[in-house]
Amino acid sequence: MSFEASRRTPLAHAEVLGPADPAETACVTVYLRRRTPLPPAGSIVLTREELREVHGADPVEFEAVRAHLEAAGLRIVLADPGSRRIQAEGTVARLSEVFDTSVHHARVRTAPGGPESFRYRTGALSVPEAIAHATIAVLGLDTRPQARAHFRIRPLAVGESDSYTPLQVGSAYKFPEGYDGSGRTVALIELGGGYDDAGLAQYFRGIGVAAPTVTAVPVDGGSNAPTGSADGPDGEVQLDIEVAGALAPGAAFAVYFAPNTDQGFVDAIADAAHANPTPTAISISWGGPEDSWTAQSRQALDAACADAVALGVTVLAASGDNGSADGESDGNAHCDFPASSPHVLACGGTRLSVTSAGGYGGETVWNDAADGGGATGGGVSAFFPVPDWQAQAGVPGNADTGSAGRGVPDVSGNADPESGYQVLVDGRQMVIGGTSAVAPLWAALVARIAQRAGRQLGLMQAVLYSGAAAGVAQGGFQDVTGGDNGGYRAGAGWDACTGLGSPDGTALAGLFAGAGEPPTVEILA
């Protein structure tokens, strides 16, 4: 039967090269529905076993789907009822027949390090009727690039401007002293590029910080594969590690390398959420406009983030570097996903000033669009409703439609390349900004606060927005009130440029020291 949630629209500027080789081997991930719905996000913390037994895939449905795929001549390479995933491998010809689609090879101009060609389909898949009721997504036949990295390199000819080490930014934001993230794990999601240990050691030695433990984790054939080009995905990978590692050097960092596809993106988050040990934070610096995702891929990724939250993980994502339009050319406002997921702490961008004494010197919204640069993403989701915890914050209607929706971002931090972060990428000293840097910045803060509190923080929004009111500055934040991102202006309290504001880390640590941990659940026999 036709599976409309899987419908793929033609990709602009795609050059179809011809039918895919029918003998080519491909792997799809089939995502299944939950056995029972999750409790309200942030209301309870589950163990992995509890999540699997109560809210994982229904055992009967899971086995039926696996048996059907095997009977269709596919080889099962992963069967995980806890994350509700079955991966099945077969030839393109066989998979095309099972899901009633035609697969081609195509290419399009992509960012450095992107694929020269990829598998490509249009229209909707057809899911066999015997398994359609249990299936929420089938990803992997189409491998077009799904997301872009949200970082911006400062041009070499910049005149007089300031840039900072991550340590200086953390100091200006009053990250709680005496904590370094020890005992905590931070997962970083990467869709290309890589790092080398010697380069990281050189960077951390240069800023006087002990190098953290960094481990590469492959997903769906992805790997730690530096391209040697600092302008490409290596810039994202090493920026993330260096910003987060400088500010939480006691934490362990697991870097999940996946292909830049919707399948790779979702599987990376699912692998990180269900890892042992459970991470304290998952930092995501990649994304794309909400409407560039299929309905099934949005649902599957949001469900993976919901799993993470249920396990007590804080998921953070950059809100985008292309203003309120999110890089779209239709003249309308767009939110970036996964930042717009209600299970994600969305991170917007500012231009930070640090005083000569190293203190906080004020901020404005990051917006260099008039000069051909970037601007912080932010706006009102066209797909996700306003979450309960955000209902009183004063989120406006969508700038184009007036419709209500989840407001983006939730929080902000230094992102303007002109006040950017001093990093080392592939041996090259650079200054990089973008909201890409804000997600790992906040992930490090989460690790330090969690260490201080002695527990996971999970859906931080429930605490961060507590008592929030329209037009009123929220405690624990530096309220950023100057500037705009195109379609939205900053103002007192929450706004669609910088959210609640940038952190006063010490004050936020105090909030979580006094906030009770959500209850756990006990499975009854």
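**Helix α8 and the four-stranded sheet**

At 1.5 Å a residue, the 12 residues of α8 should span 16 Å, and the end C-alpha atoms of the helix lie 17 Å apart, which agrees. The model in which this helix is described is a predicted one. Helix α8 comprises residues 262-273 and is mostly covered, with 11 of its 12 residues buried. The buried set consists of Asp262, Gln263, Gly264, Phe265, Val266, Asp267, Ala268, Ile269, Ala270, Ala272 and Ala273. A residue is counted as buried when its relative accessible area is under 20%.

Helix α8 lies across three strands, β3 (25-32), β5 and β9, and runs at about 55 degrees to β3. These strands belong to an open sheet of 4 strands, ordered β4-β5-β3-β9 and paired in the antiparallel sense. The edges of the sheet are formed by β4 (75-80) and β9 (135-139), each of which pairs on one side only. From one strand to the next, the twist averages 20 degrees.

At the β4 edge, the pairing with β5 (residues 85-91) is antiparallel and extends over 5 bridges. Within this pairing, arginine 75 has glutamate 89 of β5 as its bridge partner.

A further helix, α9 (residues 295-310), also contacts the sheet, lying across β3 and β9. Helix α9 runs at about 110 degrees to β9. Strands β3 and β9 are thus covered in the description of both helices, α8 and α9.

Technical notes: Residues are numbered from 1 along each chain as its sequence is written. This is a predicted model: local features need pLDDT of at least 70, side-chain atom pairs count only at pLDDT 80 or more; totals for chains, interfaces and linings use all residues. Side-chain values use heavy atoms; hydrogens and water are left out. Two strands pair if DSSP finds at least two bridges between them. Helices (H or I, at least four residues) and strands (E, at least two) are DSSP runs, numbered from the N terminus. Axes are lines fitted to C-alpha atoms, for helices over the stretch in contact, and angles run from 0 to 180 degrees between N-to-C directions. Contact means heavy atoms within 4.5 Å. The expected span of a helix is 1.5 Å times one less than its number of residues. Buried means under 20% relative accessible area, exposed over 50%, partly exposed in between (1.4 Å probe, protein chains only).
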